[in-house]
Structures are given as C-alpha cells and as structure tokens.
Amino acid sequence: MALRLGDIAPDFTSESSEGVIRFHEWLGKSWGVLYSHPADYTPVCTTELGMTAKLKDEFDRRNVKVIAVSVDSKESHLGWIKDINETQGTRVNFPILADPNREVATLYDMIHPNADTTATVRSVFIIDPSRKVRLILTYPASTGRNFNEILRVIDSMQLTDGHSVATPVNWKDGDDVIIVPSLKDEEVIKKKFPKGYKALKPYLRVTPQPNK
Ligand code: BEZ
C-alpha cells in the first residue's frame with residue numbers, strides 16, 4: 001500500500017554517492033527530505049540538485065538533512081555530480097542514493113507505471129525526527145519542484161508542532177498565523193498568545209507568529 005502521512009518512513013540500506021547509507025541511522029535526530037529523480041543526466045534534475053546544494057545553509061538552519069534518489073548507479077551519479085557542479089556553479093553537498101534495482105523507489109512508491117514504467121516521478125517525502133512522514137508531494141517528470149515551497153512547508157510544520165497554530169494560505173515565515181479552532185479556553189489563549197488576536201469569526205482567529 002502506498003505511504004500515507006503519519007506512517008513511519010520505511011528504513012533501507014542503500015549505496016549512495018557518499019557510500020552506504022542506513023537511512024534511519026543517517027537521519028539521526030534530524031528532519032529529512034527524501035526526493036526522487038527520474039534518471040541521471042537529465043536537465044530538470046540537474047537544476048534541482050544544484051539548487052538543493054545552494055540551499056544547504058537553509059536546510060541546516062532548520063535541522064533538515066536532504067537526500068536524493070535516482071535509479072542509476074553510484075558511478076553514474078559521480079559523473080553526473082561533476083556536471084551539476086560545473087553547470088549550476090555549486091558543489092553537491094548531500095548524498096544521492098544509487099537505486100539501479102529500484103528498491104528505494106519501490107519502497108516509497110515512486111514509480112507510477114501509468115506515467116512511466118521505469119523512471120520515477122518527482123516525489124518528495126518530508127520526514128520528522130520521530131521518522132513519521134509529514135508531507136508527500138508528487139510532481140510529473142517534466143516539472144521541476146519549487147524548493148522555496150519545501151522550505152516554507154518545513155517552517156510551517158516546525159512552527160505548528162510547537163504552538164497551537166495553523167498557517168493560512170500562502171503563509172511565509174513572519175506572517176500572521178491562525179489559532180487552532182480546538183483551542184477555546186480564553187485564559188489559555190491569552191497566556192499562549194500575549195500579543196493578542198483578532199477574531200474575524202469564532203473559528204477564524206488571527207495572531208502574530210508566536211515565535212517571532
Ligand atoms: C528531466 O529533466 O528529468 C526531464 C525533462 C523533460 C521531460 C522529462 C524529464
């Protein structure tokens with residue numbers, strides 16, 4: 001059965017561009033982003049991997065480790081990484097799993113046979129430090145992903161995990177947030193949100209971002 005939000009991310013051991021990875025051990029206490037690429041030496045993936053490398057400080061700041069998977073060999077990955085570094089003006093600074101037998105791709109249901117029988121779609125799994133899958137994205141092979149959106153969702157999840165809030169449409173770090181409807185006790189609300197809040201409707205209460 002396909003993975004769903006809240007499931008434990010399946011563990012695996014796989015060769016990668018940086019040596020053998022035992023996934024859960026490699027994740028440690030970090031958040032993780034596992035994302036797939038249809039194949040090596042493909043143009044869209046080249047730009048995505050370059051962007052991921054450039055965003056390393058942003059991922060580090062959020063305690064996130066990123067790992068890519070592509071259904072080719074380690075040797076192929078190492079050659080491709082040289083091209084990525086050259087064309088994207090960066091250095092790939094995270095592992096790319098070598099998955100020629102499609103073991104990881106199958107475990108994470110990254111091959112959608114009605115889209116393509118062999119290549120993976122562009123999947124993204126965001127995994128929290130308790131190893132739960134917190135977000136799943138599936139993009140077609142011809143559309144590169146938006147890594148600002150991936151960072152934005154991580155910001156939202158890390159914020160909403162620690163406070164009784166949810167983030168509204170197009171929210172970005174620093175914007176006002178929504179007090180969860182289940183929180184009804186006025187005294188608790190006052191303590192949790194000392195900056196105050198605006199109730200547009202009883203179920204729609206807006207407050208400044210509490211951790212800013
Ligand atoms: C790719 O770069 O991965 C790609 C480009 C066009 C169509 C499909 C995949």
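A residue counts as buried here when its relative accessible area is under 20%. Keep that cut-off in mind, because the word "buried" will come up a lot as we walk through this predicted model.

Let's start with the whole chain. Its secondary structure comes to seven helices and 11 strands, and the C-alpha trace spans about 60 × 40 × 30 Å along its principal axes. Of the 212 residues in the chain, 45% are buried. The domain assignment splits out two pieces: domain 1 covers residues 13–144 and domain 2 covers residues 163–207. Taken over C-alpha atoms, the centres of domain 1 and domain 2 are 35 Å apart.

Now find helix α1, residues 23–27, and look at F23 and W26. They sit three residues apart, about one turn of the helix. An α-helix has 3.6 residues a turn, so residues three or four places apart point the same way. Both F23 and W26 are buried. Their rings form a stacked aromatic pair, with 6.3 Å from centre to centre and 15° between the planes. W26 has another neighbour to look for: K65 lies over the face of its ring, at 4.7 Å from the ring centre.

That stacked pair isn't on its own. The structure holds six aromatic pairs. In another of them, the rings of F12 and Y108 have centres 6.2 Å apart and planes at 85°, so this pair is edge-to-face. F12 comes in the segment before β1, while Y108 is in the loop between α5 and β6, so the pair ties together parts that are 96 residues apart in sequence. F12 and Y108 are both buried, too. Put these rings together and you get one aromatic cluster, made of F12, F23, W26, Y108 and F125.

F125 takes us to strand β6, where six of the six residues are buried. R122, V124 and I126 point one way from the strand, and S123, F125 and I127 point the other way. What does β6 pair with? Strand β3, residues 31–37, is joined to β6 by four bridges, and the two run antiparallel. Strand β7, residues 133–139, is joined to β6 by six bridges, and these two run antiparallel as well. I127 is a good residue to click on: its bridge partner in β3 is G32, and its bridge partner in β7 is V133. Together β6 and β7 make a hairpin with five residues between them. In the turn you'll find R131, which has a positive phi of about 75°.

Next, try a bit of helix arithmetic. Helix α2 runs over residues 43–54, which is 12 residues. At 1.5 Å a residue it should span 16 Å, and its end C-alpha atoms are 17 Å apart, so the two values agree. The buried residues in α2 include C45, E48, L49 and T52.

You can do the same with helix α6, residues 147–162. α6 has 16 residues and reaches 23 Å from its first C-alpha to its last, close to the 22 Å expected. At the start of α6, a side-chain oxygen of N146 reaches to within 2.9 Å of the backbone nitrogen of N148. Among the buried residues of this helix are F147, I150, L151, V153 and I154.

One more residue in α6 deserves a stop: D155. Is D155 buried or exposed? With a relative accessible area of 15%, D155 falls under the 20% cut-off, so it counts as buried. Its side chain has a partner as well: a polar contact of 2.7 Å joins D155 to the side chain of R62.

Finally, look at an open sheet of four strands, in the order β8-β9-β11-β10, with antiparallel pairing. Which strands are at the edges? They are β8, residues 165–166, and β10, residues 198–201, and each of them pairs on one side only. Three bridges join β10 to β11, residues 204–207. To see how these two strands line up, find A199, which stands opposite R205 in β11.

Key:
Residues numbered from 1 in each chain as written. Predicted model: local features only at pLDDT ≥ 70, side-chain atom pairs only at ≥ 80, totals over all residues. Heavy atoms only, no water. Expected span 1.5 Å × (residues − 1). Buried < 20%, exposed > 50% of the residue type's maximum accessible area, 1.4 Å probe, protein only. Phe/Tyr/Trp six-rings, centres within 6.5 Å; stacked < 30°, edge-to-face > 60°. Lys NZ or Arg CZ within 6 Å of the ring centre and 35° of its normal. Pairing = 2+ DSSP bridges. Domains from an automatic or database assignment. Polar contact = N/O pair within 3.5 Å; in protein donor to acceptor, adjacent residues only side chain to side chain.
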